[in-house]
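Let's talk through how the labels on this model are earned. Grab a coffee and follow along.

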Number of protein chains: 2
Amino acid sequence: MIKGVLLDLSGVLYVGDTPINGALEAINRLQTSGMQLRFITNTSRKTRLQVVQELRNMGFNIAEDLVFTCVIAARDYLTSHSLRPHLLVHPNIRREFETLADQQPNAVVLGDAADDFTYASLNRAFRVLSSSPDIPLIAMGYNRYFREADGLSLDLGPFVKALEFASGKQAIITGKPDATFFHQACDAMGCRPEQTLMIGDDAISDVEGAKKAGLKACLVKTGKYQPGDENSIQPGADDLAENIQDAVERLLSQADYPASQ
Amino acid sequence: MIKGVLLDLSGVLYVGDTPINGALEAINRLQTSGMQLRFITNTSRKTRLQVVQELRNMGFNIAEDLVFTCVIAARDYLTSHSLRPHLLVHPNIRREFETLADQQPNAVVLGDAADDFTYASLNRAFRVLSSSPDIPLIAMGYNRYFREADGLSLDLGPFVKALEFASGKQAIITGKPDATFFHQACDAMGCRPEQTLMIGDDAISDVEGAKKAGLKACLVKTGKYQPGDENSIQPGADDLAENIQDAVERLLSQADYPASQ
């Protein structure tokens, strides 16, 4: 029986800055259903507050503490492991780590720094990493690229790969599709993974990742979904829905949802 | 019977800007021996002329056309494959590709661009790569890092890895330890690989690479050599010499050098 729901944002709730048909109503229904909820995203160019403000501008009335991002997950990881980060992150999110950053770091934290990725900044991160075998590389995602108005652009993944190769270390990923990220979000709701439904439009990052972490998962046919995506992953989705409204309707009306296929 | 010799530069002929004991004499002996010679290096921050001038400043009198670098190898590769490169290389070597670079590129060429590695420059290279599956990624090396006066610094390899990961393509490497590089150098001397001796201080890049390409190889115990390096590679070196002088002495005095171990 599902007690908590994790919702991906872009492609599930909205595309660009326009809500998907029925999404506003679906979120309202979920918020009054008694289900635990978290809105999750891999964006590491924005603070949680900036994410919430964009959602509010589109009409989604969501409390800030219901949003769980890879930035929050990275901060939680640092705190729980008593780590002092050397930061290579976007200027927007630097303040989220203000109280943790340190002149004598024992961890390197990598976000999508965009134009702050330079030879000098990558080299500084590499030198911290290579100063001791005990210093971990913590990255907020592993995506290869994303689509911008004028074309594809490099995401965080290639820069993680560069520092992994140079340092010989494997990064700890604090974002989708890493199981730790899904488990942190479940913990935040007080739900066990098997009581939690992930709803997303990315077959690999949202659905396969959630399933591997022990959650239930529903793939929606909006956003970046392409026909046949559901056949490209293992384990597969528990449900395939036309959109968020369709998924929420079935979740709230069927006692045994999702009946395993 | 050895007819041609390939010599690595740093660590074999000199360390820093000081010739290794006996190296000047050894090179003179080789130059008057009738052996074919090429001096090879993976540096992609300098033109061939800059490499030769540094050697001359140390007392090595070497003709420019005896130096074969990964930059020359990249240019040869582009020419022989009729490729028009998009360049992401060090400003020093840009002019080497002046006649080939193009506004409508059908190849991406990556050198150690140092501070010219930025998010924007890497993204431009990525966009060219992802514009067609037929556009190859050509890289002048794959080294992870090198030692500078103030610490380790990122070499070209991590940036190759980043663009490989983002584009899903595997780079063509025009430097050591790639077999193509060794074969280009052999061809330039008119020698077959089995008639050619590689002398280097890097067990993996110089010796193992040369052996895999079908050359004979001698590891010298100078430069970056560490005791035991000779046991870390497969196939192993044909000879282990104290230094370049020792290697040249044996090469020129033993008719069956190197007698396979």
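**Around one leucine**

Leaving out neighbours within four places in sequence, B:Leu163 touches A:Pro158, B:Leu110, B:Leu122, B:Ala125, B:Phe126, B:Leu129 and B:Leu137; contact here says that the C-beta atoms, placed from the backbone, lie within 7 Å. This is a predicted model, where local features need pLDDT of at least 70, side-chain atom pairs count only at pLDDT 80 or more, and totals for chains, interfaces and linings use all residues. Residues are numbered from 1 along each chain as its sequence is written, while chains are lettered from A and ligands numbered from 1 in the order in which they are written.

Q: Why is B:Leu163 called buried?
A: The label needs 20 or more other C-beta atoms within 10 Å (12 or fewer is exposed, in between is partly exposed; C-beta atoms are placed from the backbone). B:Leu163 has 24, so buried it is.

Q: Which helix of chain B holds B:Leu163?
A: Helix 5, residues 157–167. Helices are DSSP runs of H or I with at least four residues, numbered from the N terminus.

Q: What makes chains A and B related as by a two-fold rotation axis?
A: Chain A lands on chain B with an RMSD of 0.0 Å after a turn of 180° and a shift of 0.1 Å along the axis. The two copies are therefore related as by a two-fold rotation axis. The fit is least squares on C-alpha atoms of residues with pLDDT of at least 70 in both.

Q: How confident is the predictor in chain A?
A: On a per-residue scale from 0 to 100, chain A has a mean pLDDT of 94, and 99% of its residues reach 70 or more.

Methods
Helix = DSSP H or I, 4+ residues; strand = E, 2+ residues; numbered from the N terminus. Contact = placed C-beta atoms within 7 Å.
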